[in-house]
Amino acid sequence: MKTIFMPRRQFLTLSAVGGLLLLTGQPKISFAQTRKEEKMPYNAKDYSKLIGMEGFSETLLKNHFTLYQGYVTNTNKLADTLAQMLKEGKTAAPEYAELKRRFGWEFDGMRLHEYYFENLGAKGAIDKSGKLAKKMAGAFGSYEEWEKDFKGAGTMRGIGWVTLYQDTASGNLFNCWINEHDGGHLVGCNPILILDVFEHAFMIDYGLKRADYITAFFKNIDWKAAEGRLK
Ligand SMILES: [Fe+2]
């Protein structure tokens with residue numbers, strides 16, 4: 001007899017569907033339909049088009065992409081492990097609690113990198129007559145004041161991120177400091193512009209000169225991408 005190997009999750013899904021069909025007497029379900037129920041792992045996105053950006057070496061960017069891919073891998077691993085522990089009734093275990101705490105750190109590390117890479121890769125200043133610049137001027141007095149505040153947050157001591165957030169409840173804009181990946185997010189706010197100020201984001205090219213890195217970041221902001229995130 002020929003043996004068919006399949007992943008445990010797929011086997012469980014098929015077994016469950018089979019049992020249900022026996023009970024309900026429903027016609028056979030196709031294999032394609034059962035596959036839809038499987039949870040697919042999240043795939044890292046490709047940002048290699050950013051290579052060649054002014055002020056960012058290829059070495060720095062490639063290292064940064066590899067680091068981002070690590071967050072994707074770990075987010076998938078944690079999601080799988082937590083799902084398995086749930087199935088096995090281990091939700092009271094200290095390991096489950098610690099992995100639950102860790103999940104936000106890995107997930108936010110992954111998603112923040114995506115926002116960051118996706119708001120880079122363009123040239124030119126913000127359109128001062130555009131929707132985003134007008135909102136910045138409304139919130140901070142002028143675009144220049146907004147920029148001063150954003151850069152001020154970016155040069156704070158510590159590792160983390162600066163986010164320009166839009167509060168989806170009020171429409172207001174805030175520049176926020178995110179400690180590491182998960183500390184300081186504003187609930188219900190939408191990220192508009194993200195700046196990575198972990199040392200790996202600039203030390204290869206700038207050493208300790210974080211302000212010079214932020215100047216280079218500003219030269220490459222994709223303002224249309226940022227504006228497109230406004231609600
Ligand atoms: Fe980073």
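Visitor: Why does Trp223 count as buried?

Guide: The relative accessible area of Trp223 is 9%. Buried means under 20%, exposed over 50% and partly exposed in between, with a 1.4 Å probe and protein chains only, so Trp223 counts as buried. The model is predicted: local features need pLDDT of at least 70, side-chain atom pairs count only at pLDDT 80 or more, and totals for chains, interfaces and linings use all residues. Residues are numbered from 1 along each chain as its sequence is written, and side-chain values use heavy atoms, without hydrogens or water.

Visitor: What makes the pair of Tyr143 and Trp223 edge-to-face, given that Tyr143 is buried and that the pair has its own geometry?

Guide: The ring centres of Tyr143 and Trp223 lie 6.1 Å apart and the planes meet at 80°. Rings of Phe, Tyr and Trp (its six-membered ring) pair if their centres lie within 6.5 Å; planes under 30 degrees apart count as stacked, over 60 as edge-to-face and the rest as tilted. The pair is therefore edge-to-face. Tyr143 belongs to helix 6 and Trp223 to helix 9 (residues 223–228), so the pair ties together parts that are 80 residues apart in sequence. Helices here are DSSP runs of H or I with at least four residues, and strands are runs of E with at least two, numbered from the N terminus.

Visitor: How many aromatic pairs are there by this rule, and why is the pair of Tyr143 and Trp146 given its class?

Guide: The count comes to 21 aromatic pairs. For Tyr143 and Trp146, the centres are 5.5 Å apart and the planes are at 40°, so this pair is tilted. Both residues lie in helix 6 (residues 143–154), 3 residues apart, about one turn of the helix. Tyr143 and Trp146 are both buried, Tyr143 with a relative accessible area of 9%.

Visitor: Which protein atoms are the donors of the iron ion, and what makes their arrangement tetrahedral?

Guide: The donors are His64 (NE2), His113 (NE2), Asp196 (OD) and His200 (NE2), lying 1.9 to 2.1 Å from the iron ion. Donors are N, O and S atoms within 2.8 Å of the metal (3.2 Å for Na, K and Ca), and sites may look incomplete because water is not among the atoms. Angles between the 4 donor atoms run from 88 to 133°. Four donors count as tetrahedral if all angles lie between 85 and 135 degrees, so the arrangement is tetrahedral. Along the chain, the donors follow the spacing H-x48-H-x82-D-x3-H.

Visitor: How do you know whether Asp196 and His113 are buried or exposed?

Guide: Asp196 has 0% relative accessibility and therefore counts as buried; His113, also at 0%, is buried too. His200, by its relative accessible area of 24%, is partly exposed. His113 is found in helix 4 (residues 94–118). A polar contact (a pair of N or O atoms within 3.5 Å; within protein, one able to donate a hydrogen and the other to accept it, with sequence-adjacent residues counted only if both are side-chain atoms) of 3.2 Å joins the side chains of His113 and Asp196.

Visitor: Why does Glu180 count as partly exposed?

Guide: The relative accessibility of Glu180 is 31%, so this residue counts as partly exposed. Glu180 is placed in the loop between strand 2 (173–179) and strand 3 (189–196). Its phi is near 50°, a positive value in a residue other than glycine.

Key:
Four donors count as tetrahedral if all angles lie between 85 and 135 degrees; four count as square planar and six as octahedral if opposite donors are over 155 degrees apart and all others between 65 and 115; anything else is irregular.
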